[in-house]
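Hello,

Please find the structure below. My notes on the DNA contacts and on the contact between the chains follow.

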Number of protein chains: 2
Amino acid sequence: MRPSSDTAQDPCPMVSFVQIISGKWAIPILYRLIVTANPIRFSELQRAVHPITQKELTKQLRLFEQRHLVTRRVYPEVPPRVEYQITPLGQSLKPTLDSLADWMRQHQHDLTTDD
Amino acid sequence: MRPSSDTAQDPCPMVSFVQIISGKWAIPILYRLIVTANPIRFSELQRAVHPITQKELTKQLRLFEQRHLVTRRVYPEVPPRVEYQITPLGQSLKPTLDSLADWMRQHQHDLTTDD
DNA sequence: CAGCATCCCGTACGATACTG
DNA sequence: CAGTATCGTACGGGATGCTG
């Protein structure tokens, strides 16, 4: 059954994961989109993710689009409006990222560097 | 019950997480230590985490030590031996990282960039 | 408003050589 | 074996200015 057998030989999925979420803002943006669930405008997203620049936000969103984690909808209106929404694939990461967020909340005190 | 209330205002735990796992090798190393559970020698760890250099491995291990995620044990022997082991705090990340690894295995096919 | 183009800097990371 | 030291490059990512 080829159980990837290891316990000591296959760190690869994690390497792939790092490919996807590398970058200072990747996880915060993605999690914001997951939590929001509904379409959200570019500027709104930027406000939500604190001091991120347009450049970085745009770059990450493009990457997420390529990965099919986010959809981009452009409304051909006079004041341009673009909305982003998490895909079902992206939403499927929610339990995992929730768990991650919980872990952080519970343990950020233990992670002190003051020794 | 104060369910962290937001749904739209607190991406902070994720920002903290990024601090901890930033770096190309952080997650792969940490996960390897978690899966291994037992003490593991420096050279063994380096072999397990594929083409990582000593420099980078050392740097990450030092950071994990500071964060109390890993312990370092030096044996004053003639051929120097140093063993690293995940701490209980580090182990408590296992379910989350397992979930992450599972998600990657299930979806790495969906994450194609070929569109 | 959304986002591309440009400039610029810090540092993450790799390769190599040296030490206890 | 398990590091430290040094060097050089590539890339991440911030700031600013310009366009449809």
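In this predicted model, the side chain of A:Ser43 has an N or O atom 2.7 Å from a phosphate oxygen of DNA strand C. A:Tyr84 also reaches a phosphate oxygen of that strand through an N or O atom of its side chain, at 2.9 Å. With A:Pro80 it is a backbone N or O atom, 3.4 Å from a sugar or linking oxygen of DNA strand C.

There are 17 residues around DNA strand C, and those that come nearest are A:Phe42, A:Ser43, A:Arg72, B:Lys24 and B:Lys55. By class, the surface near the strand has seven charged, six nonpolar and four polar residues. H4(A) supplies the largest share, three residues. On the DNA side, 70% of the strand C atoms within 4 Å of the protein are sugar or phosphate, and the rest belong to bases.

Now the two protein chains. Chain A and chain B each put 43 residues into their contact. About 4200 Å² is buried between them, 70% of it from carbon and sulfur atoms. In chain B, the residues that lose the most area to chain A are B:Met14, B:Leu100 and B:Trp103, together 16% of what that side buries. Between the chains there are six residue pairs in polar contact, and zero salt bridges were found across the interface.

Helices H1 (12-21), H2 (26-36) and H6 (94-107) of chain B each give at least two residues to the side touching chain A. H6(B) gives the most, nine residues. That side of chain B is made up of 22 nonpolar, 14 polar and seven charged residues.

Regards

Notes. Residues numbered from 1 in each chain as written. Chains lettered and ligands numbered in written order. Predicted model: local features only at pLDDT ≥ 70, side-chain atom pairs only at ≥ 80, totals over all residues. Heavy atoms only, no water. Near = heavy atom within 4 Å. Polar contact = N/O pair within 3.5 Å; in protein donor to acceptor, adjacent residues only side chain to side chain. Helix = DSSP H or I, 4+ residues; strand = E, 2+ residues; numbered from the N terminus. Nonpolar A, V, L, I, M, F, W, Y, C, P; charged D, E, K, R; others polar. Contact = heavy atoms within 4.5 Å. Buried area = accessible area lost by both parts, 1.4 Å probe. Salt bridge = Lys/Arg side-chain N within 4 Å of Asp/Glu carboxyl O.
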